[in-house]
Amino acid sequence: MSDVLVRCDNLVHVYGTPGAEVAALRGVDFVVREGETVALLGPSGAGKTTLLWHLAGLLRPTAGTVEVAGKRLAGLTPRELANVRLRQIGVVLQNPGRNLLGYDTALGNVLFAQRPTRRSHASKKRRALALLDSVGLGGVAHRVAGQMSGGEQQRLAIAIALANAPTLLLADEPTSQLDPASADAVLGLIKQANAEFGTTVVAVTHDAAVGEVLGRTVTIRDGRVGAEGRSGEDYVVVGRDGTVQLPPEMHDALPPGSLARAVRHDHGVDLRRIYDSNAGSDDDEERGR
Amino acid sequence: MTGALTLVRALFHRIGTTLVILLVALCASAAATVGPTYYTAAKSSILQDSLSHVNVVGRSFQVVQQGPIQDSLPGLEDTVRREVGFAVGSTARADRLFAPPITSLETNVYFPDKIQQVLLATRTNFCAHLHLAKGSCPTATNDVIIATSLARSNGWSVGDKVQPQGRPVLTITGIYVPPDINNTYWLSRGATYFPAENPFIQVAPYDALFTPASTLAALKGHPQGTDTVARALIPSHVQPADVGALRAVADRFATSTALRQAQAAAQTTMDITADNVKASWRALAIPVFLVTAELLVLTWLLLFLVVTETVEARGTEVALAKLRGYSSGRALVFGLAEPAVLLAVALPLGALLGWLLTTGLATVLLRDGTTVGLPGLAWIASLVASIGGVAAIALAARRTVTRPVVEQWRRTGRRSADRGWVFDAIILTAATAGLLQLFISGTLDSTRHSALALLVPGLLGIALAVVGSRLLPLACRAMFGRTRRGGGLGPFLAVRYIARRPGGTRTTMILATAVSLATFSLASWSVSSTNRSQVADMTVGAPTVFTVAPRIGVNLADVVDQIDPGGRSVAAVESFFSADVTLLGVQPTRFAAVANWSGGNAPSGKDLLSALHPPAHAPIALDGDRVRVTVDVGALKPTGGELTLTEFASGGFVPTPIDLGPLRRAHSTVRYTADIPAPGVIRDLEIAPPGSQRIQMQGSVTVRGIEVHDQSGWHPAAGAFTAGAWTDTQDQNVQLDATGQQLHWSFLASGGQPATITVHDHPTPLPALVSAELAGSDTAVQATGLDGTGVIVAVADRLPTVPSAPDNGVIVDLTYAERLAGGNDSPSLPQVWVRGPADRVARALAAAHVAVVGRQSTSALNDELSRQGPGLASVLFLADAGAAAVLAALAAVLSLSAAARRRRYEYAALAATGATTRSLYSALAIEQLVVIGFGTVIGVGAGLLAIALAGHSVPEFVQSPSAHLITYRPDPLFLGLTLGAAVVLLLATAAAAAAALLRSVTPEQLREAPV
């Protein structure tokens, strides 16, 4: 078993001011191991992006902790945090254009991301050109980023995110605004980074196809980790307080408001419905796990 | 290198913002630079103006020593050199400031056969300053050069030998033409050397003989006389820093023991010159400081606003840098590099721009040839101006470091808006306190002038702007309901944008304050410009006024008639100036057309003529060589009285009595003939008591003939017996009966006075137009006639101001005034007033033997007043406030555009949902119209209110003219047109910016989803 790269422990995040709070994350426990590729799935407003921002050190937890590479992000000084972002985290934002300096060239953008590192300019430039080649933008390295197509911009965003060979690549909806061909290309790049450099990937997505391509899926619902998928198999996740979110496709078996009996046995617990709020009668035959 | 390239690309990417920041920073730096640069140049201009206008005594010194003249000069020269060197700090500095010394030795010599005393003088390098009419300049002992007048009156010529009493024989080697005594070389000795050339000295002495110094040195018998050491300032060498030295020289001379011991005295008014220069500097310094300070504060705010907006606009890029692992320091450098670089570039460029602007202003306003430098103070001011930008950078830097990345993505801060009222409250309190202090301290008292009044528009503008800018969002909120119910999308969006736009109040506040300053400065400039023009017009009296010296026998009025037959552009004026009253004898119709009239209310020539020139009898001319008077003596008691005809001879100075003879017997006829000394006119006819006894005379005579003899024989004096030709001026119970052929005259003269009848050739008293202030409610005013004697004039009308003597002027008809003066107008000052090409008139006057000895012009005086401290300050205020208003307007447009640019996503969304471009444009246009219009209206209102409250306290002159020449009402047309044009231009710019912005709004921007 490889080492844990990311660990969220009972992560809570509340937006807003006193009297108008919105809990975006309600006690997330989440672990990503080195070399994993994880897709964060879930409906809009579930808290996926908030979780991703926490992993990037962009937000301070209301409660709980976030560790990346063994470092608790909330405890780091701004300089240490910047250093973690520089060396260990690459981020691809949802909107391709927002990852870029629109007025600079593709090469300039990659170099911009490399600027704080202490390598020589020549070395930086070599790597930047290699990265651009690897994302298929070698021929347009000197084109102004703002004039590129959406697909090109997203590929460039990935090159930028990988500029400093991060151990963790965080991507927010990397394919949401792309046509299928571009989306495939971007996913290929992400996989390629994982395969070639061992980059751990956490990507927020609505796109089920992304989830299929990545090694693991984590579904966030209502600020909690509701389910995980591994090797094509979906699992519910038992929360810290013992709660379990049933997958939506099982809601017909245990509709919201149902009474169920939990029956313990050797490998877990069976849930048996004893009252159907819609039918208004007991039904001992239905159960959910 | 990559960073620099990225920076350059970023600057070009945001070219509009880049240019606006650069422009604002440039203008801030330039505005700050202009004040000190302008002040330094203006000081030099004022100094040079003063040195050029002051008389020679005010820009030189002359030490005069009376006593033995031999061997005394070297000692005096040494003493003077030492004293001056001590006063100015060093002899080297003295040699820089002053031209080399001019020394002279003078003694009087007497020619008994000619009964003439003439000055024998030598003066440093005199040959170079005398124009030779004949011969050569003397170089040998006892050689002399004489003036043309002396040569002419004595019949002396080159080669003649002349011997003054008790002196050696002098050989005349040359004859010189008297020079212009106003030439600096002669300093104040010109009138001493060349008295014969002075048109105002009627009894002519003789111009000096000049000889080499050896002649005077060789004189025997310890001759007494005067030796002088004089040095004149070289104006171009005198710098503002030297002004203190001028006073020091005068003070040193006044207290010099060495001079006192040498029995020498200094003549100079350089101390007064220095004081006047400093007073004018002071009049400029305070306004320049205040104006610069006010504008600095405004530009600080502007820079702060613009730079803050720019840094805020870069928030997402800074957030991106942080996301990529930039440390706080690196993010700081990245985020603030653009404004910092622009400020760094703007500082020297702005200083240069300020220097160029000042050079332009100096070309128009300052004395020709004034050098405009860039003093150290200007650089400091430029640096101070950039502080606003630096403060904005510092604050933005703090935010850059402390604000979380996610918050920077949101683009707008939260806390600053919440705390905005604190800033506003501080400003409002400070402004109100400042205004109260100004009013309570009496600074704005209507009787006082104080440069502090220049603070009023700024304080008032900012106070009203703070209140107004807070009211605007409230007013817009009040419109929410109405715009929801109807009126279209444009107003609906506009009122909400205005009410909710962060930083909107700052835009309104700065714009209103700047417009307030600009309105005040414009109105103030309009007022002071009008006043300067009015004062110049009324002080000089006409566009050009020549002071002239007609050759004896030349009638100025006749010359003027020849030069300007049309009577519209030239007028002869004789003035008698006294401390209380100035009498102007004028040609009415010409004067009406030529003179400057207060408020442009020129009377018609016809009106002036009818007021000043009522009909009077024509003078009775004695234009021959003899006069014959025939008288039938009726009753006469006592007999034997002397009959005398009194004549005013042309060009004479006093009446000339022509004794005819005694009236020995009653009831007899006598005829007397006498020579006429010079052609002239009859003033009166007298019968004096016999033997000059103080007895009463009573009687009646009939004058049957007054005849004049000339080349054609005897003929009657024209008009001598027409009705009304004679009058009783002595109250002698006179009865006159003129029949056309003879004049019957009965009288009763008591107190030993001669029985007198006077030719009635002018009205008595003279009708006059009198300045209202002098006349008051009186119907008659005491004045001084052209002959220098007292005269009562009847107030025919009152004028608000009289040309050339606004408060104490009395205008009378020149012809009558001259007749009243009996032709003796020598004490008065002859002038020729000109409207139109003056040089042509000057040439014509010279051709008519009328020397022009002085020249004044309205434009020159107006220029001079404009170049005094207050005039220069008003232009500087206008220029700087105008620039600030332009900047504020640009900042407002930028701010509105930046706000609108941030809403492009929203516009794109609205466009995608069917909102028409027209309605979006309408929303933007209404927003800009309301924000800019509101700020402008508040600013204009505050500016006009400030003018009403403090306009009268703004200094306009170094020495205040009379109050009724001053208006405090700006020209409404000028003000309205200028402000209107500025507002239209501003709105057009805003509209263009809005249109350009909306053209770039496309549904594609919906991809740029806000975080």
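Two residues are taken to be in contact here if their C-beta atoms, placed from the backbone, lie within 7 Å. With that in hand, and bearing in mind that what we are looking at is a predicted model, let me start where the two chains meet: 23 residues of chain B are in contact with 23 residues of chain A. On the chain B side, the elements that contribute two or more residues are α1 (2-13), α11 (315-323), α12 (328-365) and α15 (405-409), and of these it is α1(B) that supplies the largest share, namely seven residues. If we sort that side of chain B by class, we find eight nonpolar, eight polar and seven charged residues.

Let me turn to chain A as a whole. Chain A has seven helices and 14 strands, and of its 289 residues, 44% are buried. Looking at contacts in chain A between residues at least 6 apart in sequence, 59% of them join residues that are at least 24 apart.

A single residue gives us a concrete view of this chain, and I have chosen I158(A), which sits in helix α5, residues 150-161, of chain A. Is I158(A) buried or exposed? I158(A) has 26 C-beta neighbours inside 10 Å, and because the threshold for a buried residue is 20 or more, I158(A) counts as buried. Setting aside the neighbours within four places in sequence, the residues in contact with I158(A) are V92(A), V135(A), V186(A), L189(A) and I190(A). For one of these, V186(A), which is 28 residues away along the chain, the C-alpha atom is separated from that of I158(A) by 7.9 Å.

Staying in chain A, I would like to look at a pair of helices. Helix α3, residues 106-114, and helix α4, residues 121-134, pack at an angle of about 125°, and their axes are 9 Å apart. Angles over 115 but not over 145 degrees fall in the oblique class, and α3(A) and α4(A) are therefore oblique to each other; their crossing is right-handed. Which residues of the two helices meet? From α3(A) we have A106(A), L107(A), V110(A), L111(A) and Q114(A), and these meet K124(A), K125(A), A128(A), L129(A), L131(A) and L132(A) in α4(A). By class, this contact has eight nonpolar, one polar and two charged residues.

Now to the strands of chain B, beginning with β3, residues 116-123. Six of the eight residues of β3(B) are buried, so this strand is largely enclosed by the rest of the structure. Strand β2, residues 102-111, pairs with β3(B) in the antiparallel sense over eight bridges, and within that pairing L105(B) stands opposite T122(B). β3(B) also pairs with strand β8, residues 209-210, here in the parallel sense and over two bridges, with L209(B) in β8(B) as the bridge partner of L120(B).

Finally, further along chain B, strand β16, residues 641-649, is mostly covered, with seven of its nine residues buried. Which strands does β16(B) pair with? One is strand β17, residues 656-663, in the antiparallel sense over seven bridges, where L645(B) has I658(B) as its bridge partner. Another is strand β19, residues 680-688, also antiparallel, over eight bridges, where G680(B) in β19(B) is the bridge partner of A649(B).

Definitions and conventions:
Residues are numbered from 1 along each chain as its sequence is written. Chains are lettered from A and ligands numbered from 1 in the order in which they are written. This is a predicted model: local features need pLDDT of at least 70, side-chain atom pairs count only at pLDDT 80 or more; totals for chains, interfaces and linings use all residues. Helices (H or I, at least four residues) and strands (E, at least two) are DSSP runs, numbered from the N terminus. Ala, Val, Leu, Ile, Met, Phe, Trp, Tyr, Cys and Pro count as nonpolar, Asp, Glu, Lys and Arg as charged, and the others, Gly among them, as polar. A residue is buried if 20 or more other C-beta atoms lie within 10 Å of its own, exposed if 12 or fewer, and partly exposed in between; C-beta atoms are placed from the backbone. Two strands pair if DSSP finds at least two bridges between them. Axes are lines fitted to C-alpha atoms, for helices over the stretch in contact, and angles run from 0 to 180 degrees between N-to-C directions. Angles under 35 degrees count as roughly parallel, over 145 as roughly antiparallel, 65 to 115 as roughly perpendicular and the rest as oblique. A crossing is left-handed if the near helix is turned anticlockwise from the far one by less than a right angle, and right-handed if clockwise.
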